[in-house]
Amino acid sequence: MKNISGLLILLIVSLCSCSDPYANTAYIEDMKEVPAATYLNENPDTYSLWVELLKYTDLYNTINLNSSYTCFVPDNDAMNAYLKSKNVSSVKDLNKDDAITLVKYHTIKGAKYTSSDFENGALADTTSTGDFLSIQNGGLNAIRINDEALIIGLDKDVTNGVIQTIDHVLTPITETIWDKMQVPSYSILKSAIEATGYSEQLKKIVTTETLPDHTVSVRKYKYTLFAVSNDAFAKMNITDLSSLATYLGATDTNYADPSNPVNKYISYHIIGQMLSFNSLAKFETNETSKNIATLAENELINLSVQNNNLYLNYDANTTSGVLLKVINSNCKNGVVHEVDNIMPVTTPRATTVQWELTDYSYLAALYSASYRITTLSSSFSNWIDSNANGVECYKWQSVPEDRNGVGYYVADKGSTVKKLALNSDYLMLQLGMFGWVEMKTPAIIKGKYTLMINHFNALASAKGAKLSFIIDGKYVGSQIATSGNSSKKDQFLSTTIGQVEFTSTTNHTLKILAGDTDVSYLDCLIFKPII
């Protein structure tokens, strides 16, 4: 966390100055190989308007510093279209603070991203505004940024970074999810969110806390909201909060009560993590359907592919379901997808459940700079402080107490085996002999399941990192080993634990009991329905 704080300080110093502090210190070693701003200046037919913007914001020489930059640079056609959209004729007619934000949003300091780094999902490093850019990679000639701009000039190396030329100006993220609701087309949803109290959550971006060792932990909040427009409500003759409550069968106006139908409806539309369209449409091998947990207790949304369309809560009997009308509206604290109907709370059928043991908003907030980032240049690992505030997702006891306990790991992009995990991340366990960790599963549809665990299996001469699994107080199957399957190579394995049956749709208590002092790297538990 200290390194992240240091980077933020450098960003503030180098990219937030009101005047250009580096006017006489431009980094130029060889005029045949020049830094970013100089290169742009030497190619006015393509970049003259962006250069004008850099100079107007006093950031021209900053971009020439001896550092590592990735610059997403709109060409002149893109800049002219942007100026026209702002009803101005010159870069200098833009509000200067807005112009500075624009440059910062297009600039990543401290990392060079080339086309080989552009995988679907968020880039590992934030822009100088502290935001993540998302990638949609359809091939070398079809790489898009934020589903907004196409890269039309790839990988121009300069002495202090790389330039990626784009065909549209990116829109800086300045709004929270709650801010997105402040438009007339969402007035009914807005009033319901406010009445239930979820507006406070959807306003949160970041909080800080001081840990027992006096270090400062920064937690960023990420949510996904399936937004219902007034037009979608109108299909069911819903015109305001009162008529929504009547439609949902709410008998009182205590909408803040989690048992109130309005509260359940709103929490059903919120996911406790940021899920882009690509994440929603990602399924286990050979699967085309999955259930995801919502903030509504024991309520799930089903995602499935039908006729090449992604549906929410598809009903095979009526061959209908909820479609995403607008996707990937990125926010400071997550993403909004607009749905095409009101999407009532529905109990989906049993499907294979992939429960990532790292799927908790606490981890997403605590490790926001690394959480589920699949393009890290080096791996990230951290053991969680058991005394930290808010560690509500895990309870554990190490035996002896000096064992590391519970931690979080993200594999680097060059990893060949560990990267095979979903989102490249793992729950790390080093609990010691008879140590244990306990956590709550998401809600799982009632039925009988085969229970499996996906995990990294380190090479070893003998099997170790032994674990037993207990659900709702009952052992499932027999003890397994998560290392030593091979003495010659590391492996990523899916190991069967046993069978379990649930008599109701709810969440469950999982307890993992350690059988030795070795470290385990656990990806996800898989509940596969037994038909």
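Two residues are in contact when heavy atoms of theirs lie within 4.5 Å. Keep that in mind as we walk through this structure, which is a predicted model.

Let's start with a pair of helices. In α3, the residues P44, D45, T46, Y47, S48, L49, W50 and L53 meet N76, M79 and N80 of α4. Sorted by class, this contact is made up of six nonpolar, four polar and one charged residues. How do the two helices sit against each other? The axes of α3, which spans residues 44–56, and α4, which spans residues 76–85, come within 7 Å and cross at roughly 45°. An angle like that makes α3 oblique to α4.

Stay with α4 for a moment and look at which way its side chains point. The buried ones here are N76, A78, M79, Y82 and L83. They take up an arc of only 155° around the axis, so they sit on the same side of α4. Turn to the face that looks away from this buried side, and you'll find the exposed residues D77, K84 and S85. What do the buried residues of α4 pack against? Their partners are α3, β1 (69–74), α5 (96–105) and β7 (161–166). Just past the helix, α4 is followed by N87, a residue with a positive phi, near 60°.

Two of those partners, β1 and β7, also bring us back to α3, because they are both strands that α3 lies across. Relative to β1, α3 runs at about 105°. Both strands belong to an open sheet of seven strands, ordered β2-β1-β7-β6-β5-β4-β3, with mixed pairing. Which strands stand at the edges? Those are β2 (107–109) and β3 (121–122); each has a single partner strand, so one side of each is left without a neighbour in the sheet.

Further along the order of this sheet, you can pick out β4 (residues 134–137) and β5 (residues 143–145), which run antiparallel and are joined by three bridges. One bridge pairs N137 with I143 in β5.

Next, find N330, which is part of strand β15 (residues 320–331). Is N330 buried or exposed? With a relative accessible area of 16%, N330 falls under the 20% cut-off and so counts as buried. If we skip its neighbours within four places in sequence, N330 touches S134, N146, I173, K180, M274 and V335.

Our last stop is strand β23, made of residues 447–457. This strand is mostly covered, with nine of its 11 residues buried. β23 runs antiparallel to β26 (residues 491–502), and 11 bridges join the two. Here K448 stands opposite E501 of β26. β23 is also joined to β28 (residues 520–529), again antiparallel, by eight bridges. In that pairing, N454 stands opposite C524 of β28.

To see β23 and β26 from a single residue, look at L493, which lies in β26. How far apart are L493 and I453? In sequence they are 40 residues apart, while from C-alpha to C-alpha they are 8.1 Å apart in space. Setting aside its neighbours within four places in sequence, L493 is in contact with I453, N454, H455, N457 and N485. N454 is the residue we just met opposite C524 in β28.

Terms used. Residues numbered from 1 in each chain as written. Predicted model: local features only at pLDDT ≥ 70, side-chain atom pairs only at ≥ 80, totals over all residues. Heavy atoms only, no water. Axes fitted to C-alpha atoms, helices over the stretch in contact; angles between N-to-C directions. Helix = DSSP H or I, 4+ residues; strand = E, 2+ residues; numbered from the N terminus. Parallel < 35°, antiparallel > 145°, perpendicular 65-115°, else oblique. Nonpolar A, V, L, I, M, F, W, Y, C, P; charged D, E, K, R; others polar. Buried < 20%, exposed > 50% of the residue type's maximum accessible area, 1.4 Å probe, protein only. Pairing = 2+ DSSP bridges. Arc of directions from axis to C-beta.
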